[in-house]
Amino acid sequence: MRARRFLLGAVLAAAAGVVLAPSLAHAAAVPLPRITVGASAAQGPQDVSITLQILFLLTVLSLAPAILLLMTPFTRIVIVLSFLRQALGTQSIPPNQVLVGLALFMTFFLMRPVGDEIMKTSLKPYMDGRIGYEEALKRAAKPVRRFMFAQTRERDLALFIRLSKSPRPKNQEAVDTLVLIPAFVISELKTAFTMGFELFIPFLVIDMVVASTLMAMGMLMLPPITISLPFKLLLFVLVDGWNLIAGSLAVSFRPW
């Protein structure tokens, strides 16, 4: 009986194989796409130019995070928000992802006029074929440079001009972008640290009052942060702190 069942199963399996074989063969005959990456000799100067443009585009994309960090309001915003979290004493609340995300979207909001001008004067004419990529880059750099010049201190700019051993520029157009960027960065750092210090003052007063009160009561073993944290959070909520911080950060950037 078992032998008959085994023989019947083998026959059915063979029949199924015969029936499905054409379908499997047809599926196997369908060609699969093959992706290859290679290099060949250029047929003319135009091919070389296109290759260099692609390499330049890839380089710009790889430097995009540094451009975002160092040529936009992102640095000032994220540092001030980090100082705020330390002043509150809430450890990792809000999380880093929230602070960085808020700083990122505030950067997009503040840089929107710059982006609109770049789109109007540089990117759209380039995509329409009215200007070349070199002219597009020059036009795109103008609004970004104006924004950085508006936030950069003259003292910081003079420092890097002196370090570069370049002659004193007659106007802003004569200042090299490689000189402007580090001057803009240290100006942003100074402004961010100044705002961070101002944020610490009210919360530091609360910490000192709570610490003095606990010491007067003889409760030396109780950490002051345990008592001061609720009061700092209450103060921050009552004054609508996030609204004040976001508004102060937006107003702190001088119009360009």
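## Charges and rings in a predicted model

Arg146 and Glu117 join up in a salt bridge, with 2.7 Å between their closest N and O atoms. This contact brings together distant parts of the chain: Arg146 belongs to helix H7 (residues 133-151) and Glu117 to helix H6 (residues 112-127), with the two positions 29 residues apart. Neither end is hidden away by the numbers: Arg146 is partly exposed at 31% relative accessible area, and Glu117 is partly exposed too, at 24%. Keep in mind that this is a predicted model.

How many salt bridges does a search of the whole structure find? It turns up 4. Here are three from that search, including the one just described.

| Salt bridge | Closest N to O | Relative accessible area |
|---|---|---|
| Arg76 – Glu188 | 2.4 Å | Arg76 1%, Glu188 1% |
| Arg146 – Glu117 | 2.7 Å | Arg146 31%, Glu117 24% |
| Arg153 – Asp156 | 2.9 Å | Arg153 30%, Asp156 5% |

Now for Arg76, whose side chain meets that of Glu188 in a salt bridge at 2.4 Å, N to O. This one also links distant parts of the chain, 112 residues apart, with Arg76 in helix H4 (residues 74-88) and Glu188 in helix H9 (residues 177-216). Is this Arg76 buried or exposed? Arg76 is buried, at 1% relative accessible area, and Glu188 counts as buried at 1% as well.

Arg76 has a ring contact on top of that: its charged end sits over the ring of Phe253, 3.9 Å from the ring centre.

The Arg153 and Asp156 salt bridge has a mixed setting: Arg153 is partly exposed, whereas Asp156 is buried.

On to the aromatics. The structure holds 7 aromatic pairs. Take Phe105 and Phe108: their ring centres are 6.0 Å apart and the planes sit at 85°, so this pair is edge-to-face. Both are in helix H5 (residues 96-110), and because they are 3 residues apart there, about one helical turn separates them. Phe105 is exposed at 60% relative accessible area, while Phe108 is partly exposed at 45%.

Phe147 and Phe253, on the other hand, make a stacked pair, 6.2 Å centre to centre with 25° between the planes. Phe147 is in helix H7 and Phe253 in the segment after helix H11 (241-252), so the pair ties together parts 106 residues apart in sequence. Both of these Phe residues, Phe147 and Phe253, are buried.

Which residues do ring pairs link into a cluster? Phe83, Phe193 and Phe200.

Definitions and conventions:
Residues are numbered from 1 along each chain as its sequence is written. This is a predicted model: local features need pLDDT of at least 70, side-chain atom pairs count only at pLDDT 80 or more; totals for chains, interfaces and linings use all residues. Side-chain values use heavy atoms; hydrogens and water are left out. Helices (H or I, at least four residues) and strands (E, at least two) are DSSP runs, numbered from the N terminus. Buried means under 20% relative accessible area, exposed over 50%, partly exposed in between (1.4 Å probe, protein chains only). Rings of Phe, Tyr and Trp (its six-membered ring) pair if their centres lie within 6.5 Å; planes under 30 degrees apart count as stacked, over 60 as edge-to-face and the rest as tilted. A charge sits over a ring if NZ of Lys or CZ of Arg is within 6 Å of the ring centre and within 35 degrees of the ring normal.
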